[in-house]
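Hello,

Here is the structure I said I would pass on. My notes on it follow below.

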Amino acid sequence: MFKDEHRIKQSVGAYVLLKKALENHQLKIIDYPWVIEHDGKPSLKGCPIEFNYSHSGNYLVVAISSSPVGVDVQKKNQIKNQVFSRVLSSAEKKHFGDEKSKDSLFYKVWSRKEAYLKFLGHPGDAYLQDIPSFGVEGITFMDFNFIKGYSLALVTPLLDEIKIAKVDL
């Protein structure tokens, strides 16, 4: 499969998952125009539900909330030391020091940082070592480990009811 075909499938998958999630709230995706905000974050204009999505490898994740939300999924690979040092701050290395391996620590923190950037509406435009992955007042960072070989993080100011569903596309 060509890379563009894979991206098209991911985009269609995100649309389908978002459509189903909105239907669970008695909302129709067709009633809200898809827009890209000035900060680059996608949204549905006028919709009372906020969303965010991420994809990596063979997985696509869509998160919805009544408040801003950021989500990130990362396929885990082996990490080189110089990448590890550029992404994690010394405080993060100390805070998450109980992780089983350096690779697990790296992906846990990376996913949290990416989800936080997406929550803020600034995906990929910051030096990751300067982005927090814990300890932000009023913000909840959550990790999910139900996909083997992947790291998944969610960032939100509210502790909404969380439902996770796997959908095969």
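A residue counts as buried under 20% relative accessible area, as exposed over 50%, and as partly exposed in between. Lys 19, at 33% relative accessibility, is therefore partly exposed. Please keep in mind throughout that this is a predicted model.

Overall picture

The protein chain has 169 residues, and 41% of them count as buried. Its secondary structure consists of 4 helices and 7 strands. Read from the N terminus, the order of elements is α-β-β-β-β-β-α-α-α-β-β. Among contacts with a separation of 6 or more, 48% are between residues 24 or more positions apart. The accessible surface is about 10400 Å², and carbon and sulfur atoms hold 52% of that area.

Helix H1

Lys 19 has a charged partner: its side chain forms a salt bridge with Glu 23, with 2.8 Å between the closest N and O atoms. Both residues are in helix H1, and they are separated by about one helical turn because they stand 4 residues apart. Glu 23 has a relative accessibility of 38%, so this residue is partly exposed as well.

Helix H1 covers residues 3-23 and also contains Val 16. Val 16 belongs to a nonpolar surface patch together with Ile 8, Val 12 and Tyr 15, and the four have about 350 Å² of accessible area together. Val 16 itself is partly exposed, because its relative accessibility is 32%. Membership of such a patch requires over 30% relative accessible area, and Val 16 meets that with its 32%.

Salt bridges between helix H4 and strand S6

The count of salt bridges is 3. Apart from the pair in helix H1, there is a network that links Lys 108, Arg 112 and Asp 143. What distances separate N and O in the pairs that Arg 112 and Lys 108 make with Asp 143? For Arg 112 and Asp 143 the value is 2.7 Å. Lys 108 and Asp 143 come to 3.9 Å, where the cut-off for a salt bridge is 4 Å.

Lys 108 lies in helix H4 and Asp 143 in strand S6 (residues 140-144), so their salt bridge ties together parts 35 residues apart in sequence. Arg 112 is in helix H4 too, so its pair with Asp 143 joins parts that are 31 residues apart in sequence. Are the members of this network buried or partly exposed? Arg 112 is buried, at 8% relative accessible area. Lys 108 is buried as well, with 19%, which sits under the 20% limit. Asp 143 is partly exposed, at 26%.

Aromatic pairs

A pair of aromatic rings is described by the distance of the centres and the angle of the planes. The model has 8 aromatic pairs. One of them is Phe 106 with Trp 110, an edge-to-face pair with 4.9 Å centre to centre and 75° between the planes. These two residues are in helix H4 (residues 102-120), separated by about one helical turn because they are 4 residues apart. Phe 106 is buried, with a relative accessible area of 0%, whereas Trp 110 is partly exposed at 22%.

Further along in helix H4, Tyr 116 and Phe 119 form a stacked pair, with 6.0 Å centre to centre and 20° between the planes. Tyr 116 and Phe 119 are 3 residues apart in the helix, about one turn. Both rings belong to buried residues: Tyr 116 has 11% relative accessibility, and Phe 119 has a relative accessible area of 12%.

The hairpin of S3 and S4

Ring pairs also link Trp 34, Phe 51 and Tyr 53 into a cluster. Phe 51 stands opposite Ile 64 in S4. Strand S3 (residues 50-56) pairs with strand S4 (residues 59-65) in the antiparallel sense, over 7 bridges. The two strands form a hairpin with 2 residues between them. In the turn, Gly 57 has a positive phi of about 55°.

Regards

Technical notes:
Residues are numbered from 1 along each chain as its sequence is written. This is a predicted model: local features need pLDDT of at least 70, side-chain atom pairs count only at pLDDT 80 or more; totals for chains, interfaces and linings use all residues. Side-chain values use heavy atoms; hydrogens and water are left out. Patches are made of residues with over 30% relative accessible area and no salt bridge: like charges are joined within 9 Å, nonpolar side chains (Val, Leu, Ile, Met, Phe, Trp, Tyr) within 5 Å. Accessible areas come from the Shrake-Rupley method with a 1.4 Å probe; for residues, only the protein chains shown count as cover. Buried means under 20% relative accessible area, exposed over 50%, partly exposed in between (1.4 Å probe, protein chains only). Contact means heavy atoms within 4.5 Å. Rings of Phe, Tyr and Trp (its six-membered ring) pair if their centres lie within 6.5 Å; planes under 30 degrees apart count as stacked, over 60 as edge-to-face and the rest as tilted. Two strands pair if DSSP finds at least two bridges between them.
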